[in-house]
Structures are given as structure tokens and as C-alpha cells.
Amino acid sequence: MPDYDKALYYTIWGQWDNLFLLMSRTDDDLLAKKIERFLYDYHHSSSQKNVEQSHNTLLYYLEHALQISSPWMYEIE
């Protein structure tokens, strides 16, 4: 879960260097691919639409991952 929190923080605040380091260190392959896609589009895409789409895809994935892994979702018996 800390990787998702960090990725969300770095993405929101535009810390691309830290996001790149997280991409190379995370154990979540899907997270790494989504970060890679976003950073590639951010630096190399001539279309703002592609950048926005990959940014939103990354944010949606992080939101989903954080919802699934949040401890508040488990019932206490």
C-alpha cells in the first residue's frame, strides 16, 4: 500500500523524478507500466489528450488499488 500512496502523492504534486524511482522499485508490475506510460506520454507525446488520458488512467488505477487495500473495508467481528 505505501507504493500507491507515494505514487498518488508524486502524481498530484508533479514529482516526476520520484515517480520514476518508484516505478523502478515497485513490486506491482501493473503500477510500474501505468507510471511508465504516463511518463512517456508526458515527455514525448505531442498530443495533450494522450497525456491527460494516461494521467487519468494512472489516477484511476491508484484510486482503485487504494480502495481495495484499505483496511477500513474489512469488517471487524
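Which residues of the largest nonpolar core touch the most other members? The close-up views below take up that question in a predicted model.

**View 1. The largest nonpolar core, with its best-connected members.** The core holds 18 residues. Tyr-4, Leu-19, Leu-31, Ile-35, Phe-38 and Leu-58 touch the most other members. Each of helix 1 (2-12), helix 2 (16-25), helix 3 (29-44) and helix 4 (48-69) gives at least two residues to this core. Helix 4 provides the largest share, six residues.

**View 2. The protein chain as a whole, for orientation.** Four helices and zero strands make up the secondary structure. Read from the N terminus, the order is α-α-α-α. The protein chain has 77 residues, and 31% of them count as buried. Take the contacts with a separation of 6 or more: 47% of them link residues 24 or more positions apart.

**View 3. Phe-38 and its surroundings.** Is Phe-38 buried or exposed? Phe-38 has a relative accessible area of 2%, so this residue is buried, the cut-off being under 20%. Neighbours within four places in sequence are left aside here. Phe-38 then contacts Trp-16, Leu-19, Val-51, Ser-54, His-55 and Leu-58. Leu-19 and Leu-58 also stand with Phe-38 among the core residues that touch the most other members.

**View 4. The packing of helix 2 against helix 3.** The two helices pack at an angle of about 145°. Their axes lie 9 Å apart. The crossing of helix 2 and helix 3 is left-handed. Helix 2 makes the contact through Trp-16, Leu-19, Phe-20, Leu-22 and Met-23. Helix 3 answers with Ala-32, Ile-35, Glu-36, Phe-38, Leu-39 and Tyr-42. What is the character of these residues? Ten are nonpolar, none is polar and one is charged.

**View 5. The Tyr-9 and Tyr-10 ring pair.** Five aromatic pairs are found in the whole structure. Tyr-9 and Tyr-10 form an edge-to-face pair, because their ring planes stand at 70° and the cut-off is over 60 degrees. The ring centres are 6.1 Å apart. Burial sets the two residues apart. Tyr-9 is partly exposed, at 44% relative accessibility. Tyr-10 is buried, with a relative accessible area of 16%.

**View 6. Phe-38 and Tyr-42, a tilted pair within helix 3.** The ring centres of Phe-38 and Tyr-42 are 5.9 Å apart, with 40° between the planes. Both residues belong to helix 3. They sit four residues apart, about one turn of the helix. Phe-38 is buried at 2%, whereas Tyr-42 is partly exposed at 39% relative accessibility. Trp-16 joins Phe-38 and Tyr-42 in one aromatic cluster. Trp-16 and the other two members of this cluster also take part in the contact between helix 2 and helix 3.

**View 7. Asn-50 in helix 4.** How exposed is Asn-50? At 35% relative accessibility, Asn-50 is partly exposed. Once neighbours within four places in sequence are set aside, Asn-50 contacts Asp-41 and Ser-45. Phe-38 gives a reference point for this view. Asn-50 and Phe-38 are twelve residues apart along the chain. Their C-alpha atoms are separated by 8.7 Å.

Key
Residues are numbered from 1 along each chain as its sequence is written. This is a predicted model: local features need pLDDT of at least 70, side-chain atom pairs count only at pLDDT 80 or more; totals for chains, interfaces and linings use all residues. Side-chain values use heavy atoms; hydrogens and water are left out. A nonpolar core is a set of buried Ala, Val, Leu, Ile, Met, Phe, Trp, Tyr and Cys residues joined through side-chain atoms within 4.5 Å. Buried means under 20% relative accessible area, exposed over 50%, partly exposed in between (1.4 Å probe, protein chains only). Contact means heavy atoms within 4.5 Å. Axes are lines fitted to C-alpha atoms, for helices over the stretch in contact, and angles run from 0 to 180 degrees between N-to-C directions. A crossing is left-handed if the near helix is turned anticlockwise from the far one by less than a right angle, and right-handed if clockwise. Ala, Val, Leu, Ile, Met, Phe, Trp, Tyr, Cys and Pro count as nonpolar, Asp, Glu, Lys and Arg as charged, and the others, Gly among them, as polar. Rings of Phe, Tyr and Trp (its six-membered ring) pair if their centres lie within 6.5 Å; planes under 30 degrees apart count as stacked, over 60 as edge-to-face and the rest as tilted.
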